[in-house]
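Me: I am new to this one and would like to learn how its labels are earned. Could you take me through it step by step?

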Amino acid sequence: MQKRILSIAILSALTTFANHTAAQTQQETPATETTAGNLTIANDYRFRGISQTFKQPTIQGGFDYAHSSGLYVGNWNSNVSGNSYQNGGSLEMDLYGGYKFSPTKDVTADIGLLYYHYPNASIATTNVKYNNGEIYLGGSYKWFSAKYSYGLTDFFGLKDSTAGVYAFSPLVQNGGSKGSGYLDLNANFEVMNKTTLTLHAGHQTVKNYGALNYSDYKIGIARDVGFATLGLAVVATDADKNLWKVSNAAGESKELGTATVVVSVSKAF
């Protein structure tokens with residue numbers, strides 16, 4: 001799950017911008033559109049503090065297109081565990097688009113839509129997809145950013161028909177979960193040249209299924225070493241260990257929200 005926020009290692013993806021040359025004058029002019037790509041390898045994929053890969057390694061990548069008007073679109077992809085995303089689910093594809101603008105100096109506002117797609121994956125025998133849609137509103141001021149995401153669909157397929165066989169733990173039927181939300185707070189500080197410290201706190205609410213509510217925290221450091229960015233992050237949650245737990249075919253169970261260290265290598269191009 002992306003994020004543009006998007007990296008489990010609390011890396012901020014480096015963005016490269018292409019300058020366009022005016023053919024008539026042969027002089028450099030400001031870019032009207034930019035494209036950028038990113039690739040990350042890490043020992044775990046944590047989305048909002050919860051492991052998506054059964055605490056196994058991940059490879060992720062995506063691209064972004066942005067126009068000088070403030071409009072942007074992008075795609076981000078990652079492997080996920082079939083233990084969490086059943087019936088052949090092994091891929092997450094995120095599609096997003098939105099609009100960024102600066103109402104005043106040092107302040108940026110961002111509004112957009114994000115869709116999480118899991119090809120072929122469905123919840124147990126229900127044929128209900130995990131696919132999830134959100135609208136988000138964010139803002140940043142210098143080193144601080146805040147963002148709120150609101151669920152336009154049931155929370156990754158959670159509703160009456162799936163509650164008893166949900167991917168993590170069986171839940172009592174309590175209706176749909178549209179309107180779930182996530183508050184995301186981040187602070188980034190350059191502690192030395194090419195080295196960034198990131199602090200994060202988030203809170204996930206699942207409508208009608210309050211037992212799944214939890215907060216997550218991250219402290220991360222990222223270092224640009226030229227050929228790549230190296231990341232090290234401590235990730236933790238207060239999620240209910242019994243509810244956020246899955247098992248594999250061999251009967252091995254893992255609590256997906258327990259504290260861990262995420263190590264990553266990321267490259268922007």
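Me: How many salt bridges does the structure hold?

Reply: Happy to help! Keep in mind that this is a predicted model. The structure holds two salt bridges. One joins the side chains of aspartate 44 and arginine 46, and glutamate 134 forms another with arginine 48.

Me: What makes the contact of aspartate 44 and arginine 46 a salt bridge?

Reply: The N to O distance is 2.9 Å. A salt bridge needs a side-chain nitrogen of Lys or Arg within 4 Å of a carboxyl oxygen of Asp or Glu, so this pair qualifies.

Me: How do you know whether aspartate 44 is buried or exposed?

Reply: Its relative accessible area is 2%. Buried means under 20%, so aspartate 44 is buried. Arginine 46, at 2% relative accessibility, counts as buried too.

Me: And why is the contact of glutamate 134 with arginine 48 called a salt bridge?

Reply: The closest N and O atoms of glutamate 134 and arginine 48 are 3.0 Å apart. The cut-off is 4 Å, therefore the name applies. This pair links distant parts of the chain: glutamate 134 is in strand β10, while arginine 48 is in the loop between β4 and β5 (50-51), 86 residues apart. Both glutamate 134 and arginine 48 are buried.

Me: Why does aspartate 216 have no salt bridge?

Reply: Aspartate 216, found in strand β14 (residues 214-224), is buried. The nearest side chain of opposite charge is lysine 218, 5.2 Å away. A salt bridge has to be within 4 Å, so that distance does not count as one.

Me: Which side chains does a polar contact join to aspartate 216, then?

Reply: Tyrosine 182 is one of them, at 2.7 Å. Histidine 200 is another, at 2.8 Å. Polar contacts are cut off at 3.5 Å, so both distances pass. Leaving aside neighbours within four places in sequence, the residues in contact with aspartate 216 include Arg48, Gly49, His203 and Thr237.

Me: What makes the pair of tyrosine 45 and tryptophan 76 edge-to-face?

Reply: The structure holds 13 aromatic pairs, and this is one of them. The ring centres of tyrosine 45 and tryptophan 76 are 5.5 Å apart, with the planes at 65 degrees. Centres within 6.5 Å make a pair and planes over 60 degrees apart count as edge-to-face, so both conditions are met. The two rings come from distant parts of the chain: tyrosine 45 is in the loop between β3 and β4 (46-47), tryptophan 76 in strand β7, 31 residues apart. Tyrosine 45 is buried at a relative accessible area of 1%, and tryptophan 76 counts as buried at 3%.

Me: Why is the pair of tyrosine 118 and phenylalanine 156 called edge-to-face?

Reply: Here the centres lie 6.3 Å apart and the planes are at 70 degrees. The limits are 6.5 Å for a pair and over 60 degrees for edge-to-face, so the label fits. Tyrosine 118 is buried, with a relative accessible area of 1%, and phenylalanine 156 is buried, with 3%. Both belong to one aromatic cluster, where Phe47, Tyr85, Tyr116, Tyr130 and Phe155 are found as well.

Me: Which residues have the most contacts inside the largest nonpolar core?

Reply: They are Tyr118, Leu158, Tyr166, Leu171, Leu212 and Trp244, in a core of 34 residues. The elements giving two or more residues to this core are β7 (71-79) and β9 (107-117). Beyond four places in sequence, leucine 212 is in contact with Leu158, Leu171, Val206, Leu243 and Trp244. In soluble globular proteins, nonpolar side chains tend to be buried together.

Me: Why is alanine 31 called partly exposed?

Reply: Alanine 31 has a relative accessible area of 27%. Partly exposed lies between 20% and 50%, so that is its class. Alanine 31 is found in the loop between β2 (28-29) and β3 (33-42).

Me: And how do you know whether lysine 254 is buried or exposed?

Reply: Lysine 254, in strand β17 (residues 253-255), has a relative accessible area of 14%. That is under 20%, so lysine 254 is buried. A polar atom of its side chain lies 3.0 Å from the backbone oxygen of phenylalanine 54.

Methods
Residues are numbered from 1 along each chain as its sequence is written. This is a predicted model: local features need pLDDT of at least 70, side-chain atom pairs count only at pLDDT 80 or more; totals for chains, interfaces and linings use all residues. Side-chain values use heavy atoms; hydrogens and water are left out. A nonpolar core is a set of buried Ala, Val, Leu, Ile, Met, Phe, Trp, Tyr and Cys residues joined through side-chain atoms within 4.5 Å. Buried means under 20% relative accessible area, exposed over 50%, partly exposed in between (1.4 Å probe, protein chains only). Helices (H or I, at least four residues) and strands (E, at least two) are DSSP runs, numbered from the N terminus. Contact means heavy atoms within 4.5 Å. Lys and Arg count as positive and Asp and Glu as negative; His and the chain ends are not counted. A polar contact is a pair of N or O atoms within 3.5 Å; within protein, one must be able to donate a hydrogen and the other to accept it, and residues adjacent in sequence count only if both atoms are side-chain atoms. Rings of Phe, Tyr and Trp (its six-membered ring) pair if their centres lie within 6.5 Å; planes under 30 degrees apart count as stacked, over 60 as edge-to-face and the rest as tilted.
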